[in-house]
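Here's a quick briefing on how the chains in this assembly fit together. Have a look at the model first, then read on.

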Protein chains: 6
Amino acid sequence: MSKVVTFGEVLMRLSPSDSKMLRQSREMEFFFGGTEMNVGASLAIMGCETRHITNVSDCFIGESAIATMKSYGIDTQFVNRTEHPIGLYFLEVGSAMRASRISYNRLNGSFANIKPEQVDWEKALEGAEYFHWTGISPGISEGAYETLKQGLQLANSKGIEITADPAYRSNLWKYGKEGFTVLKELISYSTIFIGGVNEINEILGTSFGYDKDSFIQAAETLMKEIPSIKKVFDKTRIGVTASNQATQGRALVNGQYFETESLEVNPVVDRIGTGDAFAAGLIYGLINFDDEKALKFANAACAIKHTILGDVNLSSANDILEVMNGNSGGRIKR
Amino acid sequence: MSKVVTFGEVLMRLSPSDSKMLRQSREMEFFFGGTEMNVGASLAIMGCETRHITNVSDCFIGESAIATMKSYGIDTQFVNRTEHPIGLYFLEVGSAMRASRISYNRLNGSFANIKPEQVDWEKALEGAEYFHWTGISPGISEGAYETLKQGLQLANSKGIEITADPAYRSNLWKYGKEGFTVLKELISYSTIFIGGVNEINEILGTSFGYDKDSFIQAAETLMKEIPSIKKVFDKTRIGVTASNQATQGRALVNGQYFETESLEVNPVVDRIGTGDAFAAGLIYGLINFDDEKALKFANAACAIKHTILGDVNLSSANDILEVMNGNSGGRIKR
Amino acid sequence: MSKVVTFGEVLMRLSPSDSKMLRQSREMEFFFGGTEMNVGASLAIMGCETRHITNVSDCFIGESAIATMKSYGIDTQFVNRTEHPIGLYFLEVGSAMRASRISYNRLNGSFANIKPEQVDWEKALEGAEYFHWTGISPGISEGAYETLKQGLQLANSKGIEITADPAYRSNLWKYGKEGFTVLKELISYSTIFIGGVNEINEILGTSFGYDKDSFIQAAETLMKEIPSIKKVFDKTRIGVTASNQATQGRALVNGQYFETESLEVNPVVDRIGTGDAFAAGLIYGLINFDDEKALKFANAACAIKHTILGDVNLSSANDILEVMNGNSGGRIKR
Amino acid sequence: MSKVVTFGEVLMRLSPSDSKMLRQSREMEFFFGGTEMNVGASLAIMGCETRHITNVSDCFIGESAIATMKSYGIDTQFVNRTEHPIGLYFLEVGSAMRASRISYNRLNGSFANIKPEQVDWEKALEGAEYFHWTGISPGISEGAYETLKQGLQLANSKGIEITADPAYRSNLWKYGKEGFTVLKELISYSTIFIGGVNEINEILGTSFGYDKDSFIQAAETLMKEIPSIKKVFDKTRIGVTASNQATQGRALVNGQYFETESLEVNPVVDRIGTGDAFAAGLIYGLINFDDEKALKFANAACAIKHTILGDVNLSSANDILEVMNGNSGGRIKR
Amino acid sequence: MSKVVTFGEVLMRLSPSDSKMLRQSREMEFFFGGTEMNVGASLAIMGCETRHITNVSDCFIGESAIATMKSYGIDTQFVNRTEHPIGLYFLEVGSAMRASRISYNRLNGSFANIKPEQVDWEKALEGAEYFHWTGISPGISEGAYETLKQGLQLANSKGIEITADPAYRSNLWKYGKEGFTVLKELISYSTIFIGGVNEINEILGTSFGYDKDSFIQAAETLMKEIPSIKKVFDKTRIGVTASNQATQGRALVNGQYFETESLEVNPVVDRIGTGDAFAAGLIYGLINFDDEKALKFANAACAIKHTILGDVNLSSANDILEVMNGNSGGRIKR
Amino acid sequence: MSKVVTFGEVLMRLSPSDSKMLRQSREMEFFFGGTEMNVGASLAIMGCETRHITNVSDCFIGESAIATMKSYGIDTQFVNRTEHPIGLYFLEVGSAMRASRISYNRLNGSFANIKPEQVDWEKALEGAEYFHWTGISPGISEGAYETLKQGLQLANSKGIEITADPAYRSNLWKYGKEGFTVLKELISYSTIFIGGVNEINEILGTSFGYDKDSFIQAAETLMKEIPSIKKVFDKTRIGVTASNQATQGRALVNGQYFETESLEVNPVVDRIGTGDAFAAGLIYGLINFDDEKALKFANAACAIKHTILGDVNLSSANDILEVMNGNSGGRIKR
């Protein structure tokens, strides 16, 4: 199986259970997540060899984060331990018309304090066929940005396929760099863009609309402006309420547009990590299928993730294929 | 901020979790509620100064009830401690076509044994701008009726705005008084009526229908019969199943009718206290907005409460305004 | 009240709570179930005298299984204790498009090791008016098959009404006997068939379709081939997703066809044991009502079971009658 | 096996788990208990036929209480259902030097409202060999007193062995009767006294000391004053802290004194119901062994109950015999 | 009652329940604590008017922290909300020979970012009779140090009694200041020293021993070096294992030495906050009793806190008096 | 680090939480354990490379077992998946004088059905320096015996150090082989014996006593009878109650006897796997220390495991060294 390398923060997520609000809870469930690690975990569960590069704390929390990654089958030898606390976020899960709320504590954690010299990229990328990154990492700190850039440059020079999920977040980028400029720079090392009109508009400063033709124009413009990008894959989400969501994939590859059917999920168990499930499904699909089937697989992966608690898509490739093939879940598998 | 005073029983609610039936449970979640306290709590959370007047037990249960009220920001200095047990109710939460079931234990508790001399109404109403009561209290015991009547008379004489939620319950009124007569008497001290055709028909012995015109006629008849009432606000509930509900507000003020759109909630997390959320939203709205916006705010408050576990609406005014402005909850607030 | 006797395995069911997947859980809820015991339990809760015949382990697990049966009011004096472990199954509950998964551990348990000489059928059937069995039991082991056959022969000779739920499962029948042949043999001792086109096609090797006329033809063919069967009752399930199901009953009795309306359940709390709830509702209905009302009662019992956690329908006859009479659950019973 | 009949209130107990205080909890575990039912339950678990006579509520709480009694094997056909709520108590479990706290809600419940005409004593005592009562029942209400007295008179006239546990509680006896007078009256129908110097001093107004000789004198005085009493059995408790207790039995039968060794329990899991475990062990012992062995068995039963959560001793007779024979629990039984 | 003002960080504590290690848990209980707030909370529960001054986050976590403080009765009007995350710590509770482990995340939180201009000390100290601080606060950040110093200077100038708990922690003091120098400076504004030989040796650079005479010499030396200090109160802890602890108080006031008996706690439920319980007990005692009784009360408060989960001593003054008077907890309070 | 290979069954353990009895529980915690895997897991956590060889089920339970092993860092590439269910056991945890109870379900599971051809021993033992086995495996089934024997023969021929824990269990050995004969045969391939007088007496049919001299004689006799054994290490357990245990190590190596001090654990959190913790500690010690220090380390590992829930010792080598060096746990590590 192909080797995929991911780089990014591992966060502890803390949520009151059963849709309770924090103020009426006495305990929280916790999970380890982080957008890039979620991608690696899903791929590892589907049988790909994956490696995650990050910093975690040198206390018992970091130990647990590593044990969790290992349990998915992720290679953790490039997980560095430091004295800074692990990043974390609190999630209060909404319901129906009550929106979910997230509060972060990550800007001074072990990953935010990462330094380029802490990663031996040469060794870490050995044998890699795919390298996946998101725009979260360079938004956290200058050190994370510099570290990632070194990795991207090396990966690019080695001809590794690089998947970029821009994931611009306005509550990051507090260390002085301008987000869109940085993202545009880093995307120029990448080969596959996972994002749509919103992301392209943000990065290029354009204002494309949301219909099919606008998407095609946006993707073409992106590939013209950043010629390293050869393929654009996107999922659009239709959020009816916090409990009811639908997702649909579309893509432009070699000037050819294709899209998937829309998959509705009701009730939603967990919205977090559904984009990461899409990215993992896409990478799995690109490795194993053609581009169009990869998009369908990614969309099915995204949909089924909505039914799974936590940040990581725990589904096997077979589970996802069943959803992709239209099995709506109304049976019991004995 | 305005000061609102509420009077009524505080009950411990006990429910098996996760829609379990009692006979298959070994533990129950508990909450402190009570229709009038729920109103005060919601107002306190939204930033109003509120005070609740009641009796609770002098044991550790009463202590917890007071700590809970304090946590909402309610002023508890007029909460009296007595040797009788706190009232309570068991709630078995239904699902889909299985109805929820409630069993009460309140008729000999600390509130049922309240006596007029236990409340110093003069001090308790100091600075009050609103006084809220419901028809539950006079239905519990003669003492509760007498105590409430003294408060209403004083509040009325001081020109305090008095909101009356008649809330007739046939499983109360066991101490000898006739419910509708008493309610009519007490409503005649009040200025704002929170109820609709059902309640008016019960109190006046009329038989108005449920359409818009009937509501207008009913409200006009009520205001003619009980001229202290200047405004009538109502919510109608459409209960599809135990898991799916919709709510809509309507009102008649100065001969003018207005109504809100219907808000659907699916899935319902908790139906208890949704009427109290409406009343609290209404009082907040009357203090801060005009009558029509107050009704819309009240309906939004009622809807969002269906997504919150427990008896009390824990939403901030901003949360409610977002729902009122049409935000359906399909995003995550980071 | 009539006495109903049931025979079959009692299994411990183990499920992660809250729709979690097993690999992300640290604890599981457990329940005691088993298709025939579920039928007896539901009947006992509705007030019928029932007796269950089985083997359980002689350790503290078997003790708990018996205590659970007693709590429903089942007569357990013909529950035998042996050194083999109790059978069990793991259930990972699905959600929306994620299917539920079951893994069994039953083929060498205390019931699989049952021997005909362990049941004193003469005493066990004393006073019985109904005897209920399913095709699960003879699929487990030769001993279970032989033991059941002895019971059926005696019950048949005594003129006891015998309800047969064929319940063919391809993951059983590993001990050498051919499933359909055995089922056909055992059904020939029975008087009432609980099953539909699928089951008839399997047993008779026919290929009837699913429309009303095909059902009638299939049922007529069955009654011609196995003349002991006088009535055929079936429920058809429409599974939209794991969280949304509908159920409808149909029957052929004395050449007369009747069917019920379709009842939709959303959200589904638990799908396990819904067929058993149908069977118990049917037997209760046959004892207390006419055939058509029995079918309606059975369908309502099946529907409400979808809202109850665990394997057993814990509803009272009144609860079921309310659903049958169209009460959709949108109120609170105080 | 002998038939034992018990009479008394069934209470729901509600406790925060894990030694939490109520004010820091959101949920409570619940159990059904009640001193006399606890005795019947323990005897039923040990294999005696037992029947419990009481009133419970006609709601789903009463239903659960009955299901729990049935799960122990208690015959519940003389459990009457009424509209009053079931009695209950809250228990905050202490630890080390922090004392446990109990708060009751029982004085207006379904048992407190029992009336003599609700029990058909003639049928209820049919075949009984032992009748067990405690001083809790007549302390609750006049109705409970009158009902019990009728039962005692009939049992006495039938020559049934009557075990009396006086259990005087100063927080009862609020309905007008004087506790010690009533207890003395009711003990005069009984044959076996389960109590010691404290109880005798209370009932007779004496002031015996706690040493062996004083116990003998007290017991002799009791048997002189109330000649129906033929045997006196007592356990003395040495409570070091809430987590560490020791228990020792002593008795006077036919002028002969005997005592057991002291059994220490550390840590204590649950102190509630340990006296009832003693009484059940004693009755079991009197039926199956001689008086001295009965006392040892009772003391062992009392000790092991300290290690079991809830109100009821769930131990089998074999478990108790092992403790009686000096097995301290330091092994695992495989 | 006297008004006590406290200043310091409020932390969320997160612990796996039931002595589990973090890596084997999926959920954690949480509590809000913080050494100075713990003192205020205990005093508020005992009936003192208290006010806490701090910064918390402006998200839903900060909201919950405030609700928790309010539930104790603490005046929270000087709690400021900021955009930085609330500080927190993870606690893995040990057992027997396995030590408890703590990991902090506090050095960039809302309190660490406090600025002197965020506290209106003039208003905040209005009516204060006691001001309590610890050495944790100045160890967190320069801003916290400066803010505290301003408060101490004002309190000192107003003649408020100032209790200082030096609480030197080597894992703080990372912002450039030298801990002992700062502590010495701040203690020089204080009047009562809560600490013993260890703390004095650290601050003064002395090396006194642990026996009674050394304690007296150390305390005398401290009062000579820092003449504002008029009284020294200390508790010594004897930690046998993580599950078994003993505590004893000693003091030097006006040249007079006194000490309490040693109180053993077995098992220990929670060690966190026991020193804060001592400080709160001491302040309560100084307000209500003489110095010697205050020390005894403080030691009893410290002991009973070991039996209470969480950071805060939830005991009433009466509960503590009972322990002080030798009641070891071996009874149930009904 | 050295590579250690282990072979044996992986069992799912199911236990009611909080010392509850099964019949009063509705949920159970689960853990994956198995005596040999426990040894490998502890070694992996301490930093050794370990590999476990076994069969697990091909369903989601087996998947979870593998994920758990991976989380410890165990190499699972020689874990085979089969259609048989995973073995499991139920554990009811005792307390004080109430003994723990275990009930197994393992004799027809995936490991019991292992066949020699399912393990490629040549590859599996590649690079191994230690091979650990116990007498549980050959007691389960003929297939397990044959498979193990092949592994032992190969390991022996390769000069791998082989640690044998005889662990005779009378409730195994049901497939026809005589336990002691088999054990003696398999020990003759081994080099290190982990066991004491009991085990030697069982295997050799001798009757040595328990004092030091008898231990020496027994160990010498064993080494004479089975000359492949060069070292004998034993721990003796003193079980006071289920909640209080002490453990002490002794050994005979090259005719030299040494022993450790006794370590008392009170309270005991979990007794399961303490022997495996000893074995893992011993192997770690033999790799890293001399024989005497290895014994001390093993005894400390055994002791600290009593404080950790589940089957596996989750302690790091440093944690164990601290216990070994006399740190009794009475502090908090910050």
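**Two copies, one axis**

A turn of 180° and a shift of 0.0 Å along the axis lay chain B on chain E with an RMSD of 0.0 Å (superposed by least squares on the C-alpha atoms of residues with pLDDT of at least 70 in both). That's the relation of a two-fold axis. In chain B, the C-alpha of Ser71(B) comes nearest the axis, 2.0 Å from it.

This is a predicted model, where local features need pLDDT of at least 70, side-chain atom pairs count only at pLDDT 80 or more, and totals for chains, interfaces and linings use all residues. Residues are numbered from 1 along each chain as its sequence is written, while chains are lettered from A and ligands numbered from 1 in the order in which they are written.

**Chains E and F**

- The contact (C-beta atoms, placed from the backbone, within 7 Å) takes 24 residues from chain E and 22 residues from chain F.
- Strand 7 (100-105) and strand 11 (231-241) of chain E each give at least two residues to the side touching chain F; strands are DSSP E runs of at least two residues, numbered from the N terminus.
- Strand 7 of chain E pairs (at least two DSSP bridges) in the parallel sense with strand 15 (residues 332-333) of chain F, over two bridges.
- Ser100(E) sits opposite Ile332(F) in that strand 15 of chain F.

**The shared sheet**

- An open sheet of 10 strands runs 15(A)-7(C)-6(C)-2(C)-3(C)-3(F)-2(F)-6(F)-7(F)-15(D), with mixed pairing.
- Its edge strands are strand 15 (332-333) of chain A and strand 15 (332-333) of chain D, each pairing on one side only.
- Within chain F, strand 2 (residues 11-15) and strand 3 (residues 27-33) pair antiparallel over five bridges, with Leu14(F) opposite Phe30(F).

Notes. Contact = placed C-beta atoms within 7 Å. Helix = DSSP H or I, 4+ residues; strand = E, 2+ residues; numbered from the N terminus.
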